[in-house]
Amino acid sequence: MKYDDDKFYEFHEKDDSDMCFVCRKDMPSLMIFRQIETMLLVHLCRDCVYENIADYLLDNTRPWIGDRKI
Ligand SMILES: [Zn+2]
């Protein structure tokens, strides 16, 4: 899938779609957030969202489909 605005949807280089960006646990349900510090996208588990909500923005501007391609 290709979007013209791909540059706004870059994932953090240390992000992994199979694990939480913060606690590095392999969680069944991860949500995509934007890290305010870098403005890059990361996957977070619910626990880390609650604990770090000041540092991340929910990014639901696009329906995410399948695996990330970066
Ligand atoms: Zn976590």
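The legends below accompany several close-up views of a predicted model.

**Figure 1. Overview of the protein chain and its order of elements.** In this predicted model, the protein chain holds one helix and three strands, and these elements follow one another from the N terminus as β-β-α-β. Of the 70 residues in the protein chain, 20% are buried. When contacts between residues at least 6 apart in sequence are considered, 45% of them join residues that are at least 24 apart.

**Figure 2. The open three-stranded sheet.** The three strands are arranged in the order β2-β1-β3 and pair in the antiparallel sense, giving an open sheet. Strands β2 and β3, the latter spanning residues 56-58, are the edge strands, since each of them pairs on one side only. From one strand to the next, the twist averages 45 degrees. In general, the strands of a sheet are held in register by pairing through backbone hydrogen bonds, which may be parallel or antiparallel.**Figure 3. Pairing of β1 with β2 and the hairpin turn.** Strands β1 and β2 are antiparallel partners, and five bridges are found over their pairing. Within this pairing, I32 has H43 of β2 as its bridge partner, while R34 stands opposite L41, which also belongs to β2. The two strands form a hairpin in which four residues lie between β1 and β2, and M39 in that turn has a positive phi of about 60 degrees.

**Figure 4. Pairing of β1 with β3.** Strands β1 and β3 run antiparallel to each other and are joined by three bridges. R34 stands opposite L57 of β3, and the bridge partner of Q35 in β3 is Y56. R34 thus appears in two views, with L57 in β3 as one residue opposite and L41 in β2 as another.

**Figure 5. The largest nonpolar core.** Eleven residues make up this core, namely C20, F21, L30, I32, F33, L41, V42, L44, C45, C48 and Y56. Strand β1, which covers residues 31-35, and strand β2, which covers residues 40-44, each supply at least two residues of the core. The most is given by β2, with three residues. Strand β2 is also mostly covered, as four of its five residues are buried.

**Figure 6. Surroundings of L41.** Not counting residues up to four places away in sequence, L41 touches Y9, E10, F11, H12, D15, I32, R34 and D59. Among these residues is R34, which stands opposite L41 in the pairing with β2. Another residue touched by L41 is I32, and both L41 and I32 are members of the largest nonpolar core.

**Figure 7. Surroundings of H43.** H43 is found in strand β2, and it counts as buried because 22 other C-beta atoms lie within 10 Å, where 20 or more are required. When its neighbours within four places in sequence are left aside, H43 is in contact with D15, S17, C20, F21, L30 and I32. Of the residues in that list, I32 is the bridge partner of H43, whereas C20, F21, L30 and I32 are members of the largest nonpolar core. From C-alpha to C-alpha, H43 and S29 are 9.4 Å apart in space, and they are 14 residues apart in sequence.

**Figure 8. Two residues with a positive phi.** Most residues other than glycine have a negative phi. R24 is not a glycine, and yet its phi is positive, at about 60 degrees. This residue, R24, lies in the segment before β1 and counts as exposed because it has 12 C-beta neighbours inside 10 Å, the cut-off for exposed residues being 12 or fewer. M39 is likewise not a glycine and has a positive phi of about 60 degrees. M39 lies in the loop between β1 and β2, and it is exposed because 11 other C-beta atoms lie within 10 Å.

Notes
Residues numbered from 1 in each chain as written. Predicted model: local features only at pLDDT ≥ 70, side-chain atom pairs only at ≥ 80, totals over all residues. Contact = placed C-beta atoms within 7 Å. Core = buried A, V, L, I, M, F, W, Y, C linked by C-beta atoms within 7 Å. Pairing = 2+ DSSP bridges. Axes fitted to C-alpha atoms, helices over the stretch in contact; angles between N-to-C directions.
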